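Thanks for coming. I have one structure to go through this morning, and I will keep to what can be read from the atoms.

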Number of protein chains: 2
Amino acid sequence: MAIKSEQFHLDPKFEGTLQQQIQHLVSQGVLSGRFLPGERMPSSRKLAEWLGVSRITVTLAYAELVANDYLTSRGRSGYFVSESAPPPPMLNQSEGDRQDAVAWDEMVSSRYSYRSSLVRPSDWRDYPYPFIYGQPDARLFDHDNWRRCALEALGRKNFESMTADPYEQDDPKLIEYIVRNILPRRGISAQQDEILVTMGAQNALWLCAQVLLNKDRVAAIENPCYPGLRDILDQTGCQIAEVRVDDDGLPPDELPGNCQVVFTTASHQCPTNTTMPIERRRALLNRSVEEGFVIVEDDYEFEMAFQKAPTPALKSLDRAGSVIYVGSFSKSLFPGLRLGYIVAAKPLIQEARSLRALVLRHPPGHIQRTTAYFLSLGYHDAMVNRMGQAYRRRRSVMDKAIRDHGLQIASGGSHGGSSFWMRAPEGVNTSELALKLRKSGVVIDQGRAFFGREDDNHQFYRLAYSSIPSARIPEGIQRIADVIR
Amino acid sequence: MAIKSEQFHLDPKFEGTLQQQIQHLVSQGVLSGRFLPGERMPSSRKLAEWLGVSRITVTLAYAELVANDYLTSRGRSGYFVSESAPPPPMLNQSEGDRQDAVAWDEMVSSRYSYRSSLVRPSDWRDYPYPFIYGQPDARLFDHDNWRRCALEALGRKNFESMTADPYEQDDPKLIEYIVRNILPRRGISAQQDEILVTMGAQNALWLCAQVLLNKDRVAAIENPCYPGLRDILDQTGCQIAEVRVDDDGLPPDELPGNCQVVFTTASHQCPTNTTMPIERRRALLNRSVEEGFVIVEDDYEFEMAFQKAPTPALKSLDRAGSVIYVGSFSKSLFPGLRLGYIVAAKPLIQEARSLRALVLRHPPGHIQRTTAYFLSLGYHDAMVNRMGQAYRRRRSVMDKAIRDHGLQIASGGSHGGSSFWMRAPEGVNTSELALKLRKSGVVIDQGRAFFGREDDNHQFYRLAYSSIPSARIPEGIQRIADVIR
C-alpha cells in the first residue's frame, strides 16, 4: 500500500525546522505502526507540494530517514518504509480493569512530601515584578560562550567524558580548575582528593548530613536559615538546635555544648546577609577544636561580592581540618546545572563519594566537562564580573526605592549578594503579604519559611534583584509599599 | 608596565583551538594576578610572531578578551588589561600549620565506603579484549545527531528549560515522550503524574528503597542480582531475603511470607539473562495482592531484545497497581547521561519526588531536553535498532567462539541483551580468573559480586559484548579458554 501525502500535517507549534518536523512525522508514523514496512512513501515532489515546503527540505528529511533506517530508497521506484525499520511498540493494554489495591498509606515507610518549603509560583516569569531569588537572568548569562563550550564538550574527543560511567570519579579537568582557580579565591588550598563534585549545594549538604548525623546526634543551625537544610536534617532523625543569629551572624557562645555538627553561612548569612567578623570566626573554630564538633560552611553566593572584597571563607582559617566547605555554581552559572562541590578532609570525602555512588553514581560527565571549559577559558570569571556590575546597579536602584518608599531593610548586605532581607511593620503578616502582592504582579519571598518550626515569625521577607531589570524595580517597590499600607 | 610576548608559551597538549589557548593564557594571567589592570599587552603583530601563529588568530582572541572585559582597546595605543577585569583571587593561605585534629572514625556516623562493588579497571579501554558490561561503544553511538539535539536544547528558546530551577518538576517534553512512545512499547499505560525522572536506574532503585523500607521491613531480592541493589537495601537497614533464581527467574513460591517489597528483573534477569514465563508472572502478581507486598521491576536492557520480541513488562499485567516500574536510558543511550525513570502509583511517585528534591532537586534540565529531542526525532529508536543489529552479530560470533572453545553458557539470553552468563569448570575461582585474564589483555566481570554475602560463589562470570568489536571476539574467547585450562 502507498502512504498518501494527505496523511501528513504540519503543526505550526512544532519546535524545530521543517526538515525535523518531516522526520518527526515519518518516524513517529513508523513507530506508531501506522506506516508499515514495505509501504511506499509519497514522492518528495508530491509531499513538498502538499505541505507547501521546498522539495529539497523533503529530500533532506528523506535522506536522514534513510540514514536511520526508517526508509529505504529503491532508485527510481522511490522511497519505502524500511523492512528493518525500528518496530512499533506492541498494542497497549486496556486500562479498563485497573484498580489500585495497594494501601499506600501503610506501604510508604518514610514520608517526605509533608515539607513546607518556599512556595513560589512556577510561572513567576509572567509576573512583571519578580523579586524572586536564585533564578537565572537570561539578560546576564553568557549564552553564546556556554553554548560554544558545550559544543566542545560534545566533540568526538570528549566522547568518553560525556558518555562513560566513570563509577565514582569526577571530571579531572573540573576538579583541577576548582583546586587551582576557584578555591584560592576563597583563601582555601586543597588536594584533588579532598574534593567531591555534587548535584548542587543541596546535594552537598544532604551528603554531609547523611554521613555525619543520625538520631543520636545533635546538629546546630542558624535561625533563620536556608529552609532546605531543616528538611535535610529531619531525614537523618538528628536533634536540631536552632541558634538565633544577630547582626554578626551566628554567635558561637550560644551553641549548645552537645552538638557534633554546626551548619553556618559565615561569609554571607542566609537569609539575613550579615557577615561573621573575624573574631567570631576564630572563636567558632577554637570551640570546634575544644569540643570536637565539625563545621559545615555553606559559602553560597561568594562570587557576588561586588560592594567590597569578600572576607575569606571560614575554611581558609581552618588549621584543624574541622571545616567542611560547600560551594556551588547555581548562582554564578545557573541552578538548572545542578553542580556544586564539597571540600573536606579525605575521610569525609571518601564516605560522601561512596554515598553519592549509591544514590546517583555521579553528576553527568558532559555537564562537568562543559563547566570545566567555561571556567578555563575565563568566561565564568568574566560573567561573574558582569553580573556583579549589573547587581551593583540594581542594588543601588533597590536601595533608593526602598528608602524613598519608607520600607525597612532588616540587616546585612555590605559585600553584595543578590537580595535584601526586609522587616515589615508591626502587624503585617508577610505570608499574607506575599499572596496579596501576586495580584499586583509582584513576587516576593515570605520570610516564615526561613525560621524554625517553633518560631512562628511572619515579620520578615526577602527581596531579590537577580531576575528583575533595574527599570522595573521602582514601580515594584512602590507596589509593595502600597500593599503594606 | 608592559607585558612581554616572551611571557606567553603555547602548550602543545592544550585541548582547543589556538585562539582559545591565547584567551586561556591571557585570562589566567589576569586571574592569577600576574597581569595587572592597566598593563599594556603585546601588539597582536608581535605576539603572533612570537607564538608563530597568524595575526588574525591573536586579533580574534584579543577581541573575545575585550568582549569579556579582560582587556580594553585604546585605539592606536593598543590593548591593555582592563581596569574592571575579573579580579585575581586573594593570596593563598600557607598550608604550613594544617593538622587534622578531627577524629574522623568517630565523627562519621554512617559508613558507605565498605561496599564491595564490581571491581573493574578504569583504564579498560586500553585492554584489547574488553568483555566489560554497560559501557558505551563509540562505534555504535549516533554522535552527530546527539550533538545536534544538544545544540537545539542549548538554543535561546530553551534557555529556561536549561537553566532554571523548576524545583520538583521534570521536563514535560521528556515525560510526554515516555508516556506516549516508550511505555506502550512495554505494554504499559501511565499518566504523566505517575512518572518521575531519576538519575539513572540506580537512583530510581534507591528512591524506591528509601520510601518503602526501613529496619522493621523485609525486602526479597533475587540471588544472584545486581550488586548495587544490595548496597541500596543495606542503607535502609531492612532485612534482606535472598531468593535463589532458577532457569525461569524468580520462583514466587520461594518468597518468604513476611516481605513488604520484592525486587525483580522479570523480563531479563540480572545477571543470568533468563525470562520469567507468563504463569510465574501471574502467580507473582496474585501473591502480591494476597499478601500485600509491592514489586519493584527493574526492566533494564529491554530495548536489546533483538533475538525475538520482548515479553511485555510485568507492569503491563499489573491490575492492582502494586508494580513499581524502573526504566533507564543508560543502555540505549549511555550511562554517563544518568537518566532513568520510575512509573508507579501516584502516592509512591509523590514521596519519591519529594525525596529526590531533598537529595538533589532534579536531573539537569538541559540533559532532559536533549534526550526529549533525540527521542522525538526518532534517533533513539533508530539507534536501538542499529545497536540490536550489531549486538546480534556480536552475539552470534560470541556464541560460536564460546562453543568452539568448550566454554559453558550458564543460562538465559533467548531475547538478546548484551552479555552471556557463564559457568566456569569446577575448581576454577572466577575472581582469580578475572585478575589473571587482565595480564592477557582480557577484561571480564567475575560473578561473585552478584551473589549474596553469605553465598561465597566464585563459579560464574559474565561476558558482555557491548564494548568489544566482533573481530576481536574469537581471540578474546580463546584467551579465556587458555587461562581456564
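I will go from the contact between the chains to one helix, then a sheet, then some salt bridges and two glutamines.

Before anything else, please keep in mind that this is a predicted model. Every value I quote is computed from that model.

Let me start with the contact between chain A and chain B. Chain A puts 145 residues into it, and chain B puts in 146 residues. The size of an interface is often given as the accessible area lost when the parts come together. Here the area buried between chain A and chain B is about 12000 Å². Carbon and sulfur atoms give 52% of that area. On the chain A side, W104(A), R319(A) and L358(A) supply 7% of the area that chain A buries against chain B, more than any other three residues.

How many salt bridges does the rule find across the interface of chain A and chain B? It finds ten. One salt bridge to look at joins the side chains of E15(A) and K173(B), at 3.5 Å from N to O.

Next, helix 11 of chain B, residues 346-360. The helix has 15 residues and spans 20 Å from its first C-alpha to its last, close to the 21 Å expected at 1.5 Å a residue. Is helix 11 of chain B largely enclosed or largely open, and why? Twelve of its 15 residues are buried, so the rest of the structure largely encloses it. Among the buried residues are some with charged side chains on your sequence printout: E351(B), R353(B) and R356(B). The list of buried residues also includes L355(B), A357(B), L358(B), V359(B) and L360(B). Directly after helix 11 of chain B comes R361(B), with a positive phi near 70°.

That end of the helix brings me to a residue on the other chain. Q202(A) sits in helix 8 of chain A, which covers residues 200-212. Its relative accessibility is 5%, so Q202(A) counts as buried. What does Q202(A) touch, leaving out residues up to four places away in sequence? Within chain A, the contacts are Y226(A), G228(A), I232(A) and R338(A). From chain B, they are A357(B), L358(B), V359(B), L360(B) and R361(B). So much for that corner.

Now the sheet in chain B. Strands of a sheet pair through backbone hydrogen bonds, either parallel or antiparallel. This one is an open sheet of seven strands, in the order 4-10-9-8-7-5-6, and the pairing is mixed. Its edges are strand 4, residues 195-198, and strand 6, residues 239-244, each of which pairs on one side only. From one strand to the next, the twist averages 20°.

For a single pairing, take strand 5, residues 218-223, and strand 7, residues 261-264, both of chain B. They pair in the parallel sense over two bridges. A220(B) has V262(B) in strand 7 of chain B as its bridge partner. At the other end of the strand order, helix 7 of chain B, residues 172-182, lies across strand 4 and strand 10. Helix 7 runs at about 115° to strand 4 of chain B.

Back to charges. Side chains of opposite charge can pair when their charged atoms come close. Over all chains, the structure holds 61 salt bridges. I picked three that sit in various surroundings.

In chain A, E49(A) pairs with R45(A), with the closest N and O atoms 3.4 Å apart. Both lie in helix 2 of chain A, four residues apart, or about one turn of the helix. E49(A) counts as exposed at 57% relative accessibility, while R45(A) counts as partly exposed at 41%.

In chain B, K315(B) and D318(B) meet at 3.5 Å, N to O. Are these two buried or exposed? K315(B) is buried at 11% relative accessible area, and D318(B) is buried at 5%.

The third is D482(B) with R485(B), 3.1 Å between the closest N and O atoms. D482(B) is partly exposed at 39%, and R485(B) is exposed at 69%. Shared partners also join E15(A), K157(B) and K173(B) into one salt-bridge network.

Last, Q7(A), which lies in the segment before helix 1 of chain A. Q7(A) counts as partly exposed, at 37% relative accessibility. From Q7(A) to I480(A) is 473 residues in sequence and 55 Å in space, C-alpha to C-alpha.

Key:
Residues numbered from 1 in each chain as written. Chains lettered and ligands numbered in written order. Predicted model: local features only at pLDDT ≥ 70, side-chain atom pairs only at ≥ 80, totals over all residues. Heavy atoms only, no water. Expected span 1.5 Å × (residues − 1). Buried < 20%, exposed > 50% of the residue type's maximum accessible area, 1.4 Å probe, protein only. Pairing = 2+ DSSP bridges. Axes fitted to C-alpha atoms, helices over the stretch in contact; angles between N-to-C directions. Contact = heavy atoms within 4.5 Å. Buried area = accessible area lost by both parts, 1.4 Å probe. Salt bridge = Lys/Arg side-chain N within 4 Å of Asp/Glu carboxyl O.
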